[in-house]
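Me: Could you take a close look at the helix packing here and walk me through it? I'd like to know which residues meet where helices cross, and what surrounds them.

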Amino acid sequence: MQPSADAPLPFAQTAAEVMAAQQVALDSGLSATEAASRRERYGPNRLPDVEHRGAIMRFLLQFHNLLIYVLIGAAVLAAAIGNLIDAAVIVAVVVLNAIVGFIQEGRAERALEAIRGMIDPHAAVIRDGQRVDVAAEDIVPGDLVLLEPGTRVPADLRLARARNLRIDEAALTGESLPVDKAIRPVPQETVLADRTSMAFSGTFVANGTATGIAVATGPESELGRISALVGTVEKLTTPLIRRMDQFARLLTVFILAACAAVFLFAVYVRDYPWQEASWSSGLPSRPPRGLPAVMTIALAVGVQRMADRNAIIRRLPAVETLGSVSVICSDKTGTLTRNEMTVRSVVTPEGVLDVSGVGYRPQGGFTDNGAPVQPGSNTALTEAARAAILCNDAELQHSDDDWSAHGDPMEGALVCFGMKAGFDPALLRKQLPRTDEIPFDTEHRFMATLHHGHEDGSAIAYIKGAPEQILSMCDRQLDQDQIAPLDAEDWHEKTAFTARHGQRMLALAMKRLPKGTQDLSVSDVSQGAVLIGLVGFIDPPREEVLSAIGECRTAGIDVKMITGDHAATATAIARELALAPEPQTLTGDQLDDIDDTDLPDIVRTMTVFARTTPAHKLRLVRALQIDQDVTAMTGDGVNDAPALKQADVGVAMGRKGTDAAKEAAEIVLADDNFASIVAAIREGRTVYDNIRKVIAWTLPTNGGEGATLIGAIAFGLTLPMTAIQILWINMVTAVALGLTLAFEPTEPGTMTRPPRKATESLLSGTLLWRICFVSILFAIGAFGIFFYAIERGQSVDMARTMVVNTLVVMEIAYLFSVRFVYSGSLTWRGMLGTPAVLIGVGITVLAQFAFTYLPALQSIFATEPVAWQDGLLIVGIGAALLILVELEKSIFGFFARRRTAAPKTAASETAA
């Protein structure tokens, strides 16, 4: 039966006490009748079903956006006044947007389904004294469950019997290596990752066998609690969507106000017919219909570029959200580190030797305080390397310039260490063949192997295991070339010192046995052994991560490590990666004692969070988001799913990540590499810059066209363009020119700028000024060429033809200026343009030649051929626009740099 809230937790009780509480006997288990009764009482051993929105509702909700409402209204208005082509284009854009959103969204909810799939459909239990296979959902509290290698644990079990049991709990706790399990109770306050008397639902049995008592099933299990946490996480809107909503509101108010004002003025002041007033007022004040489509394409281009950098995007808006990230909460194992154990140090009576090299590649050497050490010159080092290879079941394999370990990762690291010391494992094992062994067991906590082949014919046992266990078995130590009495206190200090530097420790020992010994028992090695030394292991940082973290620091992005690993190990890795000058660490236990109101301030000062649970990770992400930090969270296990879903950008590992993590995340890394996250952030910033460029080009050019028409209406002048000519301008330029900005490459210095604030508006003060400034320049250019043509006695059709060409040339010129947000455009690189820009400009120029000189289009658009001298004048107006805008950008940039430099100068003087 499931324990009451005030009862001792099962892992803190003895197995006998748990069986008594569950009213079950170890040999007979539950009866079939009692099992059926408990299933009725506690329900099936499965996680609750998840309610999903239907496909139709999910599709309809794609239209629930203010800017989309404006576009739909514009389409209705265009259709009402007879502009069916305009209406059709707007409707096509809206529907395309909805289809893209429908395909990309709705996947994160599958995280719960993925977690439910972590329970195997069948399990072996003891009922009525017989072993039977039952459906996993039929397991009830009190069932005796049998565990074997390769099986998945079907419920939370209190272990009653265990032999050599090791369980892979990485998906649940983040522990990088399989955990040794035993039946001894552990203290009540023990954190989840250290509850060695428990086997948790959804984890894998790596080796060994066990019998466990089911103490929590379904939603009451640790897996169920994680599922509940995922269910409590509300879906967040991305910074882009929030800014787009704000942008849409402002744009809507402006559009409706401008449309109404122009219409009323045209009808009641200038006596325009209402039909003509409708299109005259609607054209200059309509929403830029190509904007949503171009923004969607910019995001899609970002998706492709990120895929080239091993970041697979699952939700389209996440592309831009990455560019806003100010904090990255990263898992340690496999993301910041290689997920390959490496011997980093060898502790002998003479001192500590450092071991170079990473991973399983047997390349590296030994140093003592920086001075090289030859393996043959150090007896303890030589014997340690020999013991590491012989008391070992792993092998290293070399293929395609890559080395991998077959067997336990730590044993693979020991073989690599022995090879660095000059041994050939195959030859050594042939020279000193193994004749017997004592396998590692969680009860005696060591492994021993018996070997023959020494010249004197004696047998020798090599032993490796937990330092405290091996030290209790030794009374002597190998000191240089002789055997000396064991200095146990000195070794305990060395063990503690090395462990504080984040290294996992193993002790190596040996014992000579009488000639003719063929069998090896625990009693043969339990005392009188000779300690050779200690070896320290670490999962080394990825080489490329150090530079990636440096890039994050330059870009103003804070990196925090959140891991289930031990505090000392995590802090050591953080120090090697230079996450902070002196990394501050907080453990899960300490986190529990911090109030939610104080947590945000504390989180900002901490670098490492160790021994964390899923609830801890979720609290940390939420604390960071309180101050509007845009947070990216990386993870691979089901324990990471709640935090991945809560984060602004969830990043799951593609290689070792669970389905639950991938479904909860917006981005999946194909190579599980932190450096790929940084590369993706760079692309995310580029996408946002390109979206800003699209807006910065679209609104002023549309504003210039509108200002020209409004000016004509305001002064009662002949309209310088007809409705169909304006439709032509926008049909050609929106696609051929505006679309090219979605393909712009990353600007220099993109990763030297601080992250954007989540509250930053798309319509900044600078952009609003630029819209007004460029719109006025467009209107001046249009009216100037119009009156120039009329004054020369040209027809109105000729004047309008020249106006349309002038507007298009100015839009081309402004395109080259808007391509660079943070630097000047009047450079060879800026004028040359990208292939997309050159193709777009080429298409636009050809279209304008056809518009102006092709008889078929002349009859449709009422155009006349323009003389070459007038053509040069039009090009000159475009060049003048580019120069004026670049001068304006330079002036604004100069004053912006002065404003930025002023606070720094003041701060420096204060410090002085």
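Reply: Happy to: here is the setting, then two helix pairs, then some neighbouring details.

A note on the ground rules comes before the residues. This is a predicted model, so local features need pLDDT of at least 70 and side-chain atom pairs count only at pLDDT 80 or more, while totals for chains, interfaces and linings use all residues. Residues are numbered from 1 along each chain as its sequence is written, and side-chain values use heavy atoms, with hydrogens and water left out.

The protein has 33 helices and 28 strands; these are DSSP runs numbered from the N terminus, with helices being H or I of at least four residues and strands E of at least two. Of its 912 residues, 55% count as buried, where buried means under 20% relative accessible area, exposed over 50% and partly exposed in between, with a 1.4 Å probe and protein chains only. Contact means heavy atoms within 4.5 Å. Among contacts between residues at least 6 apart in sequence, 72% join residues at least 24 apart.

Now to one of the helix pairs. Helix α26 (residues 674-714) packs on helix α28 (residues 765-791) at an angle of about 45°, and their axes are 7 Å apart. Axes here are lines fitted to C-alpha atoms, for helices over the stretch in contact, and angles run from 0 to 180 degrees between N-to-C directions. α26 and α28 are therefore oblique to each other: angles under 35 degrees count as roughly parallel, over 145 as roughly antiparallel, 65 to 115 as roughly perpendicular and the rest as oblique. Their crossing is right-handed, meaning that the near helix is turned clockwise from the far one by less than a right angle. On the α26 side, the residues in contact include Ile695, Leu699, Pro700, Gly703, Gly704 and Ala707. Among their partners in α28 are Arg770, Ile771, Val774, Phe778 and Phe783. The residues of this contact divide into 13 nonpolar, six polar and one charged; Ala, Val, Leu, Ile, Met, Phe, Trp, Tyr, Cys and Pro count as nonpolar, Asp, Glu, Lys and Arg as charged, and the others, Gly among them, as polar.

What about α29 and α31? The axes of helix α29 (residues 796-818) and helix α31 (residues 835-853) come within 11 Å and cross at roughly 175°. α29 and α31 are therefore roughly antiparallel to each other. Thr801, Val804, Asn805, Val808, Ile812, Leu815 and Phe816 of α29 make this contact with Val837, Val841, Thr844, Val845, Gln848, Phe851 and Thr852 of α31. Here the split is nine nonpolar, five polar and no charged.

Phe851 and Thr852 lead on to another helix. Gln858 sits in helix α32 (residues 855-861), and it counts as buried at 18% relative accessibility. Leaving aside residues up to four places away in sequence, Gln858 touches Phe851, Thr852, Tyr853, Thr863, Glu864 and Pro865.

For helix packing against strands, turn to helix α20 (residues 567-576), where Thr569, Ala570, Thr571, Ala572, Ile573 and Ala574 are buried. The buried residues of α20 pack against β22 (529-538), β23 (558-562), β24 (585-587) and β25 (608-610). After α20 comes Ala578, with a positive phi near 55°.
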